[in-house]
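Trainee: Could you pick one small part of this chain and walk me through it slowly? I'd like to see how it links up with the rest.

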Amino acid sequence: MKSLSPTDQLFLWLEKRQQPMHVGGLQLFSFPDDAPDDYVAQLAGQLRQHTHVTAPFDRCLDTRLTQPVWVHDDHLDLEHHFRFEALPTPGRIRELLTFISAEHSHLMDRERPLWELHLIEGLQDRQFALYIKVHHSLVDGMSAMRLIRRMLSSDPSRRNMPPIWDLPARSGRDDGPEPSLWRTLRHWLGESGKQLGTVPTVAREILRTVNEARKNPVYDSIFHAPRSVLNQKITGSRRFAAQSFGMERIRRVCHAYGTTVNDVVMAMCATALRVYLMNRDALPKKPLVAMVPVSLRHDDSSAEGNQVGIILASLATDLSEPAERLMHIHREVREAKDRYAQMSSEEIINYTALMMAPAAFHLLTGMAPDWQTFNVVISNVPGPKETQYWNGARLEGMYPVSIAMDRLALNMTLTSYNDQVEFGLIGCRRTLPSLQRMLDGLEQGLEELEQAAGL
């Protein structure tokens, strides 16, 4: 038996029909060169032999003394959780994304362990896909990425590799913090005994931030994000859109402007939002504001402790020049990081929690519309840096599938993989019709920056 943390309980409490609280991942594979045409069916048969289920996939919800807890499920039905399915013809990426959109809209049965794995055949060009769906109360984004990476290998000759639900137990501490608001909140709630000593620094930085907002109208936009169609109540229907971009293209733009990869990615998102909303005659006059979780580590160590901050950055969607938009984003992010550089990890956590409190209250209740602190989440989860394989099949792309919520109808999540940047956009189909057109906006944003830099 394992108790749920306050944050994990929050994910259960937030869930309702129009607001499923599971995260997912889509992995696209190519057949091994020597594979027969029925390779995926053979793979499905092999996976069904893995009847042993390891943590956390063997856990289901129970209640002890009115509190939710995780308990081992002695009657787990693997046929419910592992599903072998085929796309309708012609088996294009369009059909795959339509399938993921529908599956990600469905709530999971709380009487069972809260996960599913879909093995999907019928794609063109001798490809197949995996779609893994797990409730956010069971794992967070970084934990899910670690599990997926453990399932994969850099060796194309390996066979008989276990599925994600039958990975061997692994000891050792966490590899590092997940860059998200939820992780910050989890740490804040769990480490409250260490917080009193941070009060003077946190108070000073909050006062400094407020004073900056009073003097600088651009800075003030961070605390009063404009009302937007992105921040309405949503339905349970989802639309998922995904696309890959070469990391080399993005790096060339970084070198041309002296910015970071994350700055360029945010500028691409800003252009996509600007173009999409302009085409709907719904672009606010004030710039949209993004909530961006960022890692503040200065090295590659895996030391314990949360060194994650939440940056609220104007996306400069009111500016028409793409290069000017990029440099505005670069300055905002740099200023936020400079502020955090003067603070300890505990001070950063408290500062973030206090600054985000009004936004969290509005997000959870809708009772503070004047505190629309941000309009969209742009999040980056690092992935493998070299080509990966699963039972000889080459991993071509891995796309995150995140969460849309009331008053947060769009989530723009990306991951890096093998010199690619993989975007996964999830949104409410009714609130944001034709959401897939934002993919064209991402490409347009990158092309405009390349052209402006003469690349």
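Mentor: Let's start at Pro56, which sits in the loop that runs between helix 2 and strand 3. Keep in mind that this is a predicted model. The peptide bond joining Ala55 to Pro56 is cis, with omega at about 5°. You'll find another cis bond between Thr89 and Pro90, where omega is about 10°. Pro90 belongs to the loop between strand 5 (82-86) and helix 4 (93-104).

Now go back to Pro56's loop and look at what lies on either side. On one side is strand 3 (59-64), an edge strand that pairs on one side only. It belongs to an open, antiparallel sheet of three strands, and their order is 1-4-3. The other edge is strand 1 (2-3). Two bridges join strand 1 to strand 4 (residues 67-72), and these two strands run antiparallel. If you want one bridge to find on screen, take Lys2, whose partner in strand 4 is Trp70.

On the other side of the loop is helix 2 (residues 39-48), and that's where Tyr39 lives. To see what Tyr39 does there, we need the aromatic rings. Searching the whole structure turns up nine aromatic pairs. One of them is Phe29 with Phe128, a stacked pair with 5.1 Å centre to centre and 10° between the planes. Phe29 is in strand 2 (residues 22-30) and Phe128 is in strand 7 (residues 127-135), so this pair ties together parts that are 99 residues apart in sequence. Phe29 has a relative accessibility of 0%, so it counts as buried. Phe128 is buried too, with a relative accessible area of 0%.

Here comes Tyr39. Tyr39 and Phe128 make a tilted pair, 5.9 Å centre to centre with 55° between the planes. This pair also links distant parts of the chain, since Tyr39 in helix 2 and Phe128 in strand 7 are 89 residues apart. Tyr39 has a relative accessible area of 10%, and buried means under 20%, so Tyr39 is buried. Put the rings together and you get one aromatic cluster made of Phe29, Phe31, Tyr39, Phe128 and Trp390.

Follow Trp390 a step along the chain and you reach Asn391, in the loop between strand 12 (389-390) and strand 13 (393-401). Asn391 has a positive phi of about 55°, although it isn't a glycine. Its relative accessibility is 2%, so Asn391 counts as buried. Asn160 also has a positive phi of about 55° without being a glycine. At 61% relative accessibility, though, Asn160 counts as exposed. You'll see Asn160 in the loop between helix 5 (141-151) and helix 6 (181-190).

Last, let's zoom out to the nonpolar cores. In soluble globular proteins, nonpolar side chains tend to be buried together. The largest nonpolar core here has 54 residues, and those with the most contacts inside it are Leu315, Ile378, Leu410 and Leu442. Helix 10 (residues 261-279) supplies the largest share of this core, 11 residues. Apart from that core lies another one of 44 residues, and our Tyr39 is among them, along with Leu61, Val134 and Tyr417. As for Leu410 in the largest core, its contacts beyond four places in sequence include Leu230, Leu273, Val376 and Met438.

How values were computed:
Residues numbered from 1 in each chain as written. Predicted model: local features only at pLDDT ≥ 70, side-chain atom pairs only at ≥ 80, totals over all residues. Heavy atoms only, no water. Core = buried A, V, L, I, M, F, W, Y, C linked by side-chain atoms within 4.5 Å. Buried < 20%, exposed > 50% of the residue type's maximum accessible area, 1.4 Å probe, protein only. Helix = DSSP H or I, 4+ residues; strand = E, 2+ residues; numbered from the N terminus. Contact = heavy atoms within 4.5 Å. Phe/Tyr/Trp six-rings, centres within 6.5 Å; stacked < 30°, edge-to-face > 60°. Pairing = 2+ DSSP bridges.
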